[in-house]
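This briefing is for a reader who has not met this structure before. Please look over the sequence and the model first.

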Amino acid sequence: MASSLPSFPGIATLKLEPDSTTDKSSSISYPRTRTFIQSDGKFESLRSLNFQESLSVIKDGSKIETSCYVPLLQECIEKNSFSGARNLHSHIIKTGTHRDVFVMTFLVNVYAKCGAMENARKVFDSLPRRNVVAWTTLMTGYVHNDQPGAAITVFQKMLEFGSFPTNYTLGIALNACSAIDSFELGKQIHAYSIKYHIDHDTSVGNSLCSLYSKCASLGSAIKAFLKVEEKNVISWTAVISACGDNSKAVKGLRFFTEMLADNVEPNEFTLTSVLSMCCTMLSLSFGAQVHCLSIKLGYETNLRIKNSIMYLYLRCGWFVEALQLFNGMEDMSLVTMNSIIAGYGEMMELAKDDLSAYHNGTEALNIFSKLNNSGFKPDLYTFSSILTICSKMFALEQGEQIHAQTLKTGYLSDMIVGTALVNMYNKCGSIERASTAFREMSARTLISWTSMIAAFAQNGQTQQALQLFDDMRLIGVRPNQVTFVGVFSACARAGMVNEALGYFETMQKDFKIKPVMDHYSCLVDMFVRKESLDEAFDLIKKMDFPPNESIWSLLLAGCRRDGNNELGFYAAEKLLELKPKDAETCLLLLNYYESAERWEDVSKVRELMKEKRLEKLRDWSFISIQDKVYSFNPNEREAYGPKMYELLDELVHKAKSVVGYESLESSTLHGEEEVQHSEKLAVAFSLLKLPDAAPIRIIKNIGMCNGCHNFIKAISKLNAREIIIRDSKQLHKFVNGKCSCGDYGGLL
């Protein structure tokens, strides 16, 4: 395609009327007329005949007036009847009417509206003469049938033939430029419109606004909008959408309020664009008002608008209202299903506890199953959302089934889906399958590489993580902040101090990345694991920002292990300042002070807990077996039956006698008698219910204590079981008496 346009000799005076809904679906207006046939020497009206009867009469060879083809051709458009158009086309040729430019131009329009561009082009090429209407009709057809490049070619041919474009022709050409991101060509057309003083025309201005928006030139888009003298709903929608597409949601909402003040009634495209911006801003109040307006304007049943409102409510936490909308929908689209699945993912993040989050995830899986059974075909957004939900649920079996479905549908090759699959396997503790999924990806993004590096690091496979980091750099992928978090985490678990500090320097000098809290947290973790508490504290003091609770927790854990009470008490005070209302933190500090016989501090923490009215620390775990959820609470002994407790006592006895396991003092709130923690109950129950050698997967709402950590290590060796526990701190993968956390997790 030529990079520049031939010079424009002038502009035609003919003005074509755009459709009332949108520039992109505009059609050329042709006059309607009464239709007559000639029968027995007399003309009779066809108005009383329906469409099929009229075609039958024409097939019989009856002669009709030339202008009378137009209503029948128009009806072909309305009925999307390609066969009817062909029948009329044959009759037109038989009667010699094909020499009529007006009728044949209309036929080009009919074929284009029926999606038959090859037929439309043949009719166009056979025209004895071509006026601007014919050229514009063909261009419009190509744009509407997703062939914008062909439309541009036709536009250039029109200019070469000396035909003058109208304002509507230029609008269609600009729409084609927008579709193929031809910014330079669009600017040339804009220059032409300015030269001939038609940049104020509605169709030209609307198309210019959309073009500049897509080219990320919001300022130019707004200028084009402001130039339009007769602004219609399309004009306002174009500038509102331009603001939303260019991350200026507030400006877009201001234009919307101006539009309403100007008494211009919004259409469904305006409303969905505004609701999308409300989602971006999480502006629930504004969105709720738009919802009321949409009902007032009669869009209560409009699926696009209902989807947008439902997604807004989900994003803003109005889950009950969103579910009411969803359950009340008679007609749904894939967008509806995707929105509600993503919404359940949001609900999992905001759930009050892991068990509630799991139930929300189960509902999402049910919606996914309903989607598959209702004839919809999942797309990449469906798969990425549901895989993310599986990772949050620890639902490996369901994730494997979805993996198989992505293979069948071909979506596994998509980078978004592939990355979600890697994350799912990693979060479910299956590093081998995560690695396989990563290797099978046809293309990888920075997120893909970073996810796999983090996965290796979390599973204690340091060399694999660092080798992958080198491979990523070798092929030219530039690491970001998150990538280096994975690298430092890998070094920390392996105690590779010199290597970590080398990477720390490389990150700042070679990649100009400023250290953030997560980087320092990994380095502090590394020094604590190496029992270098002074170095860890020195690093904390050199930070450019105050340490967070994670860093003080790491330092406190190291001090407890090494008996450095002076530094430990300091870290405890800092931690208490940051999280005075957290029951788990208070319990940790209470036990620490009690073990050191710091009774004054014990009283201080107890008073704080009483003052803050902290609830009793609830310890529970849950597992999923054959899609059924079992939850475990140490205070509900009667719920699990005597067999489980008999097995648990037997396991504790074996752990003590066979592998030297000693039950460490468990963390309890003051005044409570010690009970078996929930993960022990879950392990015993799983051994009773699951097949031999099947992995055990448990989710626990708080961090594991050291005693339970040692117990699970012993059981994994005694029973040759892989036991994976995800607590509030991290993932623990127990295999043959060893844990992926390096025996450090129980101290946190």
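The notes below cover the sheet, the annotated repeats, the cysteines, the salt bridges and one serine.

The model is predicted. Six strands make up an open sheet with mixed pairing. The structure holds 21 salt bridges and zero disulfides. An unreviewed UniProt entry places the feature "repeat: PPR" at three spans of the chain, residues 131-165, 232-266 and 445-479.

**Layout of the sheet**

- The strands follow the order β5-β4-β6-β7-β8-β9 across the sheet.
- At the edges are β5 (628-632) and β9 (738-739), each of which pairs on one side only.
- Strands of a sheet pair through backbone hydrogen bonds, and they do so either parallel or antiparallel.

**Strand β4 and its partners**

- Strand β4 covers residues 621-625 and is joined to β5 by five bridges, with the two strands running antiparallel.
- Within this pairing, Phe 622 has Ser 631 of β5 as its bridge partner.
- The hairpin of β4 and β5 has two residues between the strands, and Gln 626 takes a positive phi near 50° there.
- β4 also pairs with strand β6 (residues 696-700), again in the antiparallel sense, over two bridges.
- Ser 621 is matched with Lys 700 of β6 as its bridge partner.
- Because four of its five residues are buried, β4 is largely enclosed by the rest of the structure.

**Strands β6, β7 and β8**

- β6 and β7 pair in the parallel sense, with four bridges between them.
- The chain passes from β6 through helix α36 (residues 706-718) to β7, and this β-α-β crossover is right-handed.
- Arg 697 has Ile 724 in β7 as its bridge partner.
- In a regular strand the side chains alternate between the two faces of the sheet.
- Strand β7 (residues 723-726) is covered on both faces: Ile 723 and Ile 725 are buried on one side, and Ile 724 and Arg 726 are buried on the other.
- β7 is joined to strand β8 (residues 731-735) by four bridges, and these two run antiparallel.
- Ile 723 stands opposite Phe 734 of β8, and the hairpin from β7 to β8 goes through four residues.

**Annotated repeats**

- For residues 232-266, one of the spans given by UniProt, the chain is 74% helix and 0% strand.
- The end C-alpha atoms of residues 232-266 lie 10 Å apart.
- Residues 445-479, also among the spans in the record, are 74% helix and 0% strand, with end C-alpha atoms 11 Å apart.

**Cysteines without a disulfide**

- Why does Cys 428 form no bond with the closest cysteine sulfur? That sulfur belongs to Cys 390 and is 7.2 Å away, which is too far for a bond.
- Cys 428 counts as buried, at 0% relative accessibility.
- The closest cysteine sulfur to that of Cys 739 is in Cys 741, at 3.4 Å, and this is too far for a bond because a disulfide needs the sulfur atoms within 2.5 Å.
- Cys 739 is buried as well, with a relative accessible area of 10%.

**Salt bridges**

- Arg 121 forms a salt bridge with Asp 125, and their closest N and O atoms are 3.1 Å apart.
- Arg 121 and Asp 125 are four residues apart in helix α5 (residues 117-125), so about one helical turn separates them.
- Arg 121 is partly exposed at 30% relative accessibility, and Asp 125 is partly exposed at 40%.
- Asp 181 and Lys 214 meet in a salt bridge through their side chains (3.7 Å, N to O).
- Asp 181 lies in the loop between α8 (167-179) and α9 (183-195), and Lys 214 lies in helix α10, so the pair ties together parts that are 33 residues apart in sequence.
- Lys 214 has a relative accessible area of 46% and is partly exposed.
- In a further salt bridge, the side chains of Arg 598 and Asp 601 meet at 2.7 Å, N to O.
- Arg 598 is partly exposed at 29% relative accessibility, whereas Asp 601 is buried at 13%.
- Arg 121, Asp 125 and Arg 130 are joined into one network by salt bridges that share partners.

**Ser 213**

- Ser 213 is in helix α10, which covers residues 202-214.
- Is Ser 213 buried or exposed? Ser 213 counts as buried, at 8% relative accessibility.
- Leaving aside residues up to four places away in sequence, Ser 213 touches Ala 221, Ala 242, Asp 245 and Asn 246.

Note on methods:
Residues numbered from 1 in each chain as written. Predicted model: local features only at pLDDT ≥ 70, side-chain atom pairs only at ≥ 80, totals over all residues. Heavy atoms only, no water. Pairing = 2+ DSSP bridges. UniProt positions renumbered as here; feature names shortened; annotations may be inferred. Buried < 20%, exposed > 50% of the residue type's maximum accessible area, 1.4 Å probe, protein only. Contact = heavy atoms within 4.5 Å. Right-handed = clockwise from strand over helix to strand, strands pointing away. Salt bridge = Lys/Arg side-chain N within 4 Å of Asp/Glu carboxyl O.
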